[in-house]
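This report goes through a single protein chain, from its contacts and fold to its cores, its surface and its cysteines. Please keep the sequence and the structure in view while reading.

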Amino acid sequence: ISSKVAEKVGRPSILLFGLALTISMIVFLLNWDRSPNLALLLTLGGLWGLADSCWNQHLAALCGVLFRGAEQEASFSNFAVFQGTGFSLSFAFSQHFHGRLDGIHVKMILILICLPIAVLFYLSVEWRVYKRRSSRVRNEYELSKLHSDSEDCTYEEN
């Protein structure tokens with residue numbers, strides 16, 4: 001569904017929606033009293049899955065846009081490796097925070113700090129892709145215009 005929406009509004013809009021949803025979920029979870037409400041837990045899980053789908057699908061799509069051919073396979077592999085590295089680091093740090101602080105709260109605060117920075121880097125890459133595409137389209141338009149102008153000229157032979 002989000003790929004169809006992304007065609008209308010663009011990848012950055014979907015990712016910014018994912019950012020807003022993730023930040024609002026983390027702020028809610030930091031302030032939640034952890035009451036056992038099944039409907040609330042299912043809603044939180046569904047919203048978290050929606051936010052996660054925004055991240056995974058559109059970051060993978062960006063890898064597909066940036067890299068072509070043999071490089072594309074390597075870019076998807078690197079994406080999976082760095083995603084796994086993030087999970088591993090999160091697990092490793094949870095043991096460090098377990099005895100002193102509430103480890104989940106620390107992780108959520110780290111996400112709140114790192115996520116906007118990561119989105120700024122993502123938006124800078126999207127901007128570069130946009131500029132590269134627009135200059136390529138402009139060059140193709142100018143070339144086609146020159147080509148059509150040269151076809152319109154007729155030369156008279158004496």
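## Contacts and fold

Among contacts in the chain with a separation of 6 or more, 69% are between residues 24 or more positions apart. The model is predicted.

The chain has five helices and zero strands. Read from the N terminus, the order of elements is α-α-α-α-α.

## Burial and total surface

Of the 158 residues in the chain, 21% are buried. The accessible surface of the chain is about 11700 Å², and carbon and sulfur atoms hold 65% of that area.

## Nonpolar cores

Which residues form the largest nonpolar core? There are seven: Leu 15, Leu 19, Trp 55, Leu 62, Leu 115, Val 119 and Tyr 122. Helix H2 (11–31), helix H3 (38–66) and helix H5 (103–152) are the elements that each give two or more residues to this core. H5 supplies the largest share, with three residues.

Leaving out residues up to four places away in sequence, Val 119 touches Leu 16, Leu 19 and Trp 55. Another core lies apart from the largest one and has five residues, including Leu 21, Trp 32, Leu 44 and Ala 51. As a general tendency, nonpolar side chains in soluble globular proteins are buried together.

## A nonpolar patch on the surface

Nonpolar residues also appear on the surface, where Ile 109, Leu 110, Ile 113, Ile 117 and Phe 121 form a patch. Together these residues have about 490 Å² of accessible area.

Ile 117, one of the patch residues, is located in helix H5. Is Ile 117 buried or partly exposed? Its relative accessibility is 44%, so Ile 117 counts as partly exposed; the partly exposed class runs between the 20% limit for buried and the 50% limit for exposed.

## Cysteines and disulfides

How many disulfides does a search of the whole structure find? The search returns zero. A disulfide is a covalent bond that joins the sulfur atoms of two cysteines.

Two cysteines can be described by their exposure. Cys 54 has a relative accessibility of 3% and therefore counts as buried. Cys 114 has a relative accessible area of 47%, so this residue is partly exposed.

Technical notes
Residues numbered from 1 in each chain as written. Predicted model: local features only at pLDDT ≥ 70, side-chain atom pairs only at ≥ 80, totals over all residues. Heavy atoms only, no water. Disulfide = S-S within 2.5 Å. Buried < 20%, exposed > 50% of the residue type's maximum accessible area, 1.4 Å probe, protein only. Core = buried A, V, L, I, M, F, W, Y, C linked by side-chain atoms within 4.5 Å. Helix = DSSP H or I, 4+ residues; strand = E, 2+ residues; numbered from the N terminus. Contact = heavy atoms within 4.5 Å. Patch = residues over 30% accessible without salt bridge, like charges linked within 9 Å, V, L, I, M, F, W, Y side chains within 5 Å. Areas by Shrake-Rupley, 256 points an atom, 1.4 Å probe, with all protein chains shown as cover. Salt bridge = Lys/Arg side-chain N within 4 Å of Asp/Glu carboxyl O.
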